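Me: Please take a close look at the salt bridges of this protein. I would like to know where the partners sit, how covered they are, and what surrounds them.

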Amino acid sequence: MSTGLRYKSKLATPGEPGDIDKQYVGFATLPNQVHRKSVKKGFDFTLMVAGESGLGKSTLVHSLFLTDLYKDRKLLSAEERISQTVEILKHTVDIEEKGVKLKLTIVDTPGFGDAVNNTECWKPITDYVDQQFEQYFRDESGLNRKNIQDNRVHCCLYFISPFGHGLRPVDVGFMKALHEKVNIVPLIAKADCLVPSEIRKLKERIREEIDKFGIHVYQFPECDSDEDEDFKQQDRELKWRTRRTVTS
């Protein structure tokens, strides 16, 4: 114990607090080391967007990340949409903000909900999610785990049509099939088509149906008890705003 104190006092030169942090080597610097390593390596984030065509999925993605991921997209006619099967398309872009790198992957699901018969149209999507879990498990179980790519779907934005009276069977089926595998965030698409009173009624109806069918949507985690009051207040406000504004 005394050795550690002597070592620390040797480095603690009066008047040079900045040099102490640079020279000191010990477990107290672990958070800084992990932070530097994470920032240098960057982060992977995979976002899935799902919902029927024409609800503004690509527009919201452009607004969130200020990048055009759909430059080469081909617009289908009404007849082509009806006959189209569900596809899984991936768009990857590297984003950097204030020195922090993010490898963003957008998983799009064209064809979902556009057919006349949408029975189990979410099956290709659930299969894709399961495949990513299996691939990540195999990579983690292998010998070379240094450059593993995490392609698991971290979040799914599910777009709900504003023109109905709540959730449709395809909405319920999709969310129930994925709610235990992916963090689902339901959005009322094109909410500016409705007046505020209509939005409130639709939100209440959707929340009631989500509870009725036992669907688990993403909820902000609770704060730790030792967090400061400012952080707790910010967390409460964020939860309140999110509960009031699940619209796009």
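Reply: Burial is graded by relative accessible area: buried is under 20%, exposed is over 50%, and partly exposed is in between (1.4 Å probe, protein chains only). The model is predicted: local features need pLDDT of at least 70 and side-chain atom pairs 80 or more, while totals for chains, interfaces and linings use all residues. Residues are numbered from 1 along each chain as its sequence is written, and side-chain values use heavy atoms, without hydrogens or water.

First, the setting. The chain has 9 helices and 5 strands (DSSP runs numbered from the N terminus: H or I of at least four residues for helices, E of at least two for strands). Along the sequence they come in the order α-α-α-β-α-α-β-β-α-β-α-β-α-α. Of the 248 residues, 31% count as buried.

The structure holds 7 salt bridges, each a side-chain nitrogen of Lys or Arg within 4 Å of a carboxyl oxygen of Asp or Glu. In one of them Glu 52 pairs with Arg 168, and the closest N and O atoms are 2.8 Å apart. This pair links distant parts of the chain: Glu 52 is in the loop between β1 and α4 (57-65), Arg 168 is in the loop between β4 and α7, and 116 residues separate them. Arg 168 counts as partly exposed because its relative accessible area is 27%.

Another salt bridge joins Arg 152 to Asp 150, again with 2.8 Å between the closest N and O atoms. Its two ends fall in separate classes. Arg 152, at 23% relative accessible area, is partly exposed, whereas Asp 150, at 14%, is buried.

Within helix α8 (196-212), the side chains of Glu 209 and Arg 205 meet at 3.1 Å, N to O. The two residues are 4 apart in that helix, about one turn. An α-helix has 3.6 residues a turn, so residues three or four places apart point the same way. Glu 209 has a relative accessibility of 11%, so Glu 209 counts as buried; Arg 205, with 39%, is partly exposed. Elsewhere, salt bridges with shared partners tie Glu 52, Arg 168 and Asp 171 into one network.

Several elements named above also build the nonpolar interior. The largest nonpolar core has 31 residues, where a core is a set of buried Ala, Val, Leu, Ile, Met, Phe, Trp, Tyr and Cys residues joined through side-chain atoms within 4.5 Å. Met 48, Phe 112, Tyr 158, Phe 174 and Leu 178 have the most contacts inside this core. At least two of its residues come from each of β1 (43-50), α6 (123-141), β4 (155-160), α7 (169-178), β5 (183-188) and α8. The most, 5 residues, come from α7. Apart from this core lies another of 12 residues, including Val 49, Leu 55, Ile 106 and Phe 159.

Leu 178 shows how such packing brings elements together. Leaving out residues up to four places away in sequence, Leu 178 touches Met 48, Ile 125, Thr 126, Val 129 and Ile 184 (contact means heavy atoms within 4.5 Å). Over the whole chain, 67% of the contacts with a separation of 6 or more are between residues at least 24 positions apart.

Helix α3 is another matter. This helix covers residues 30-41, and the count of buried residues among its 12 is 0. After α3 comes Gly 42, with a positive phi near 90 degrees.

Technical notes:
The expected span of a helix is 1.5 Å times one less than its number of residues.
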